[in-house]
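Here are a few notes to help you find your way around. Have the structure open beside you as you read.

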Amino acid sequence: MTATIYDTPEHELLRDQVARFLAQEVEPFAAAWEETGMVPRDVLRRMGQAGLLGIAFESDYGGADADAMTNLVFAEALSQSTFAGFIITVLVHTDMAGPHLHHAGSPAQKAKYLPKVTAGEMITAVGISEPGAGSDVAGIRTSARRDGDEWVLNGTKMFITNGVHADLYFVAAKTGTARHDMSMFIVEKGTPGFTVGRALKKTGWLSSDTAELVFDNVRIPAENLLGEEGKGFYSVMKNFQTERIALGAMAIGHCTQALKMTLDYVRQRQAFGGTLWDQQTIRQRLSMLDAKTRAARQFMYHCAWSVTQGKDIVQEVSMLKALTGELVNEVVQTCQQFHGGMGFIRETAIERLWRDARVLAIGGGATEVMLEEVAKRY
């Protein structure tokens with residue numbers, strides 16, 4: 001990866017640490033995880049033991065108090081893996097679910113759960129999307145009503161990453177009649193009435209477990225309210241800055257790996273009396289895609305820097321998510337094309353990147369939704 005103006009020696013050490021973990025613990029074994037449909041929990045615990053599952057969380061609970069820039073370095077380094085199911089399993093835990101506890105949890109809630117989250121002993125998921133409400137967060141219908149010293153949850157969540165095998169869920173539910181009147185709740189696996197409706201089979205992200213969740217009169221203690229009652233919508237919106245930068249990092253990681261392996265391939269592949277690299281159109285297409293990737297990467301780092309400065313960058317982060325979600329599909333599909341027939345063979349890295357990249361223009365906010373978020377802030 002090319003250097004950025006934001007790099008520090010500590011960032012390079014983190015990149016090296018993550019690269020070693022991927023080389024030793026992930027890449028040799030992850031093809032088997034795609035067959036079983038999940039990342040083994042002992043692998044995630046080893047990540048926790050290495051200090052990689054909570055670098056942005058408080059040191060009092062096992063984290064490293066890292067800023068948004070360091071967190072991006074981690075996400076981008078992790079995204080050098082060619083197994084996106086593994087990447088998203090980790091990033092949901094570290095950047096999409098866990099931050100709800102980090103940002104809104106009470107001291108008692110953090111003391112109870114966060115050390116286990118950072119250690120990989122409890123894997124997290126966040127329940128927001130529903131069958132009729134994906135990118136439209138305010139349209140959720142899952143409800144929570146107060147009954148004495150308990151909350152009672154009813155509803156269904158859909159497309160929940162880590163949904164099958166997580167231990168701890170942060171669930172959005174309506175707690176009033178206004179459109180934005182929702183709250184976040186902590187629900188532990190095994191709570192009566194809370195079940196995995198079904199595990200969902202996906203085109204990509206095969207080693208990531210994805211589920212439908214069902215809440216049927218699920219009773220949880222009143223103290224499991226996460227943050228302020230009625231403020232859950234704003235908690236979700238706040239965390240989207242972290243989530244969308246992480247998804248941008250995932251997209252840039254795919255671009256980087258696809259370009260690297262394609263450059264290696266076209267320099268060796270013989271055709272028409274020379275290598276594919278000898279064809280002008282091949283050289284120029286890859287050069288332009290590399291230029292786009294490098295430009296998007298710099299914008300991504302600028303977004304993370306802006307977060308460290310306390311800036312409100314909803315518009316910029318929405319741009320980043322839309323840009324990288326579309327770019328990764330352009331890059332990976334072109335790279336697959338240049339691999340010819342081998343690019344369509346299952347279990348090759350380029351085929352895996354191709355099918356895994358598609359969802360990055362959908363999940364975490366579809367491109368069209370992101371562009372509307374951009375447009376309404378002009």
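1. Before the pocket, a word on labels: helices (H or I, at least four residues) and strands (E, at least two) are DSSP runs, numbered from the N terminus. Please also keep in mind that this is a predicted model.

2. Which elements each supply at least two residues of the lining of the largest pocket? They are helix H5 (84-104), strand E3 (150-161), helix H7 (232-268) and helix H10 (349-357). H7 gives the largest share, with four residues.

3. The space in this largest pocket comes to about 860 Å³. Its lining counts 32 residues, and those closest to the centre are Ser129, Phe159, Thr161, Gly363 and Gly364. Sorted by class, the lining has 15 nonpolar, ten polar and seven charged residues.

4. Next, look for enclosed space. There is one cavity of 30 Å³ or more, and the volume of the largest cavity is about 40 Å³. Its lining includes Leu52, Leu53, Phe57, Asn71, Phe74, Thr94 and Asp95. Helix H4 (68-78) and H5 are the elements that give two or more residues to this lining. By class, the cavity lining divides into six nonpolar residues, three polar and one charged.

5. Phe57, one of the residues lining that cavity, is also worth viewing together with His103. The two are 46 residues apart in sequence, while their C-alpha atoms are 9.0 Å apart in space. His103 belongs to helix H5. With a relative accessible area of 42%, His103 is partly exposed.

6. Now to the rings. Across the whole structure there are seven aromatic pairs. In one of them, Tyr169 and Phe194, the ring centres are 4.8 Å apart and the planes stand at 85°, so this pair is edge-to-face; the cut-off for that label is over 60 degrees. Tyr169 sits in strand E4 (residues 168-174) and Phe194 in strand E6 (residues 194-199), so the contact ties together parts that are 25 residues apart in sequence.

7. Are these two rings' residues buried or exposed? Tyr169 is buried, at 0% relative accessible area. Phe194 counts as buried too, at 9%, because the limit is under 20%. Ring pairs also bring in Phe215, linking Tyr169, Phe194 and Phe215 into a cluster.

8. Two arginines are placed over aromatic rings. Arg244 lies over the face of Phe240, 3.9 Å from the ring centre. The charged end of Arg352 sits over the ring of Phe83, at 3.7 Å from its centre.

9. Does helix H9 come out shorter than, longer than or in agreement with its expected span? Helix H9 (residues 314-338) has 25 residues, which at 1.5 Å a residue should span 36 Å; the end C-alpha atoms are 36 Å apart, so the two values agree. After H9 comes Gly340, which has a positive phi, near 65°.

10. Finally, two backbone angles deserve a look. Most residues other than glycine have a negative phi. Asp65, however, has a positive phi near 55°; this residue is in the loop between helix H3 (41-49) and H4, and is partly exposed at 47% relative accessible area. Glu347 also has a positive phi, near 80°. Glu347 lies in the loop between H9 and H10, and its relative accessible area of 65% makes Glu347 exposed.

How values were computed. Residues numbered from 1 in each chain as written. Predicted model: local features only at pLDDT ≥ 70, side-chain atom pairs only at ≥ 80, totals over all residues. Heavy atoms only, no water. 1 Å grid on protein atoms, 1.4 Å probe; cavity = no way out; pocket = protein on both sides within 12 Å on 5 of 7 lines; lining within 4 Å. Points joined across faces, edges and corners; volume = space filled by probe spheres on them. Nonpolar A, V, L, I, M, F, W, Y, C, P; charged D, E, K, R; others polar. Expected span 1.5 Å × (residues − 1). Phe/Tyr/Trp six-rings, centres within 6.5 Å; stacked < 30°, edge-to-face > 60°. Buried < 20%, exposed > 50% of the residue type's maximum accessible area, 1.4 Å probe, protein only. Lys NZ or Arg CZ within 6 Å of the ring centre and 35° of its normal.
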